[in-house]
Amino acid sequence: MTYSVKEIFYTLQGEGGQAGTPAVFCRFAGCNLWTGREQDRPSAICQFCDTDFVGTDGTLGGKFTTADELAERILAQWPASDSQHRMVVLTGGEPLLQVDEALIAALHARGFRISVESNGTVAAPQGIDWLCISPKAGADWIQRSGQELKLVWPQPTFDLEAIEASTQFSHYFLQPMDNVQQASNIATCIEQSMQRPKWRLSLQTHKLTGIR
Ligand SMILES: C[S@@+](CC[C@H](N)C(=O)[O-])C[C@H]1O[C@@H](n2cnc3c(N)ncnc32)[C@H](O)[C@@H]1O
Ligand SMILES: Nc1nc2[nH]cc(C(=O)O)c2c(=O)[nH]1
Ligand code: SF4
Ligand SMILES: [Mg+2]
């Protein structure tokens with residue numbers, strides 16, 4: 001398996017139930033719901049993406065021909081003084097187009113807790129420690145269980161009650177869509193959460209703090 005990686009960087013998880021936790025981010029190139037080209041955005045299944053996941057030209061990006069090679073590059077970003085709190089976030093693009101059992105084993109062998117950010121269209125392999133699913137209206141939503149459901153909101157065709165009844169996650173979050181209507185999206189998320197307390201507000205704290 002050759003892994004195509006856009007970028008690798010060390011930061012704090014900005015979103016969801018693990019916000020504030022130091023983690024190495026590995027952003028895989030490519031997605032099944034958008035090409036990543038601006039001219040294709042209006043016709044894409046997922047049209048609100050805030051991320052450049054095209055190519056392998058970002059910080060420490062590249063093609064990795066083995067799981068061990070990629071896991072070593074990820075480990076090299078972690079503070080040498082710590083072996084107890086290693087966490088990696090596999091994201092993208094859509095990471096589950098590339099993440100396999102070999103990579104999971106190679107990261108676990110190096111003491112990492114493995115978090116994944118996925119759009120839920122691909123069944124997750126075994127061994128992921130924290131699976132965050134963020135479904136997209138209009139896409140096939142297959143992976144309906146995990147640690148965290150992080151619904152970017154509003155997405156008009158989604159119904160919160162129906163989602164609650166058809167999923168099994170440990171935590172449920174509403175994350176305001178970052179677009180020109182962000183202020184009203186935040187207000188809508190707060191209102192929805194207060195009406196349906198199963199859902200908590202997830203802010204993209206890395207954007208608020210100006211970290212990566
Ligand atoms: C860039 S995606 C990559 C992982 C995967 N493809 C997915 O969609 O979950 C990482 C996270 O950012 C969220 N996201 C993307 N664009 C956003 C936006 N404009 N506003 C808020 N969250 C956004 C996604 O829903 C997902 O939870
Ligand atoms: N700090 C930080 N936290 C994040 N959580 C999810 C992200 C993503 O793009 O997948 C992300 C990101 O890009 N940066
Ligand atoms: S599914 Fe994720 S990576 Fe793909 S276009 Fe949507 S938000 Fe971006
Ligand atoms: Mg992001």
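The following exchange asks how terms are applied to this predicted model.

Analyst: The model is predicted, so local features need pLDDT of at least 70 and side-chain atom pairs count only at pLDDT 80 or more, while totals for chains, interfaces and linings use all residues. Residues are numbered from 1 along each chain as its sequence is written, and chains are lettered from A and ligands numbered from 1 in the order in which they are written.

User: What makes residues of helix α1 buried?

Analyst: A residue is buried if 20 or more other C-beta atoms, placed from the backbone, lie within 10 Å of its own. In α1 (residues 67-75; helices are DSSP runs of H or I, at least four residues, and strands are runs of E, at least two), A67, L70, A71 and I74 are buried.

User: Why are these residues said to line one face of α1?

Analyst: Seen down the axis of α1, the buried residues fall within an arc of 100°, so they line one face; the arc is that of the directions from the helix axis to the C-beta atoms. An α-helix has 3.6 residues a turn, so residues three or four places apart point the same way.

User: What makes β1 and β2 a pair?

Analyst: Strands pair if DSSP finds at least two bridges between them. Seven bridges join β1 to β2, which run antiparallel, and E7 stands opposite R27 in β2.

User: What joins β1 to β3?

Analyst: Three bridges join these antiparallel strands, where V5 stands opposite G62 in β3.

Technical notes
A residue is buried if 20 or more other C-beta atoms lie within 10 Å of its own, exposed if 12 or fewer, and partly exposed in between; C-beta atoms are placed from the backbone.
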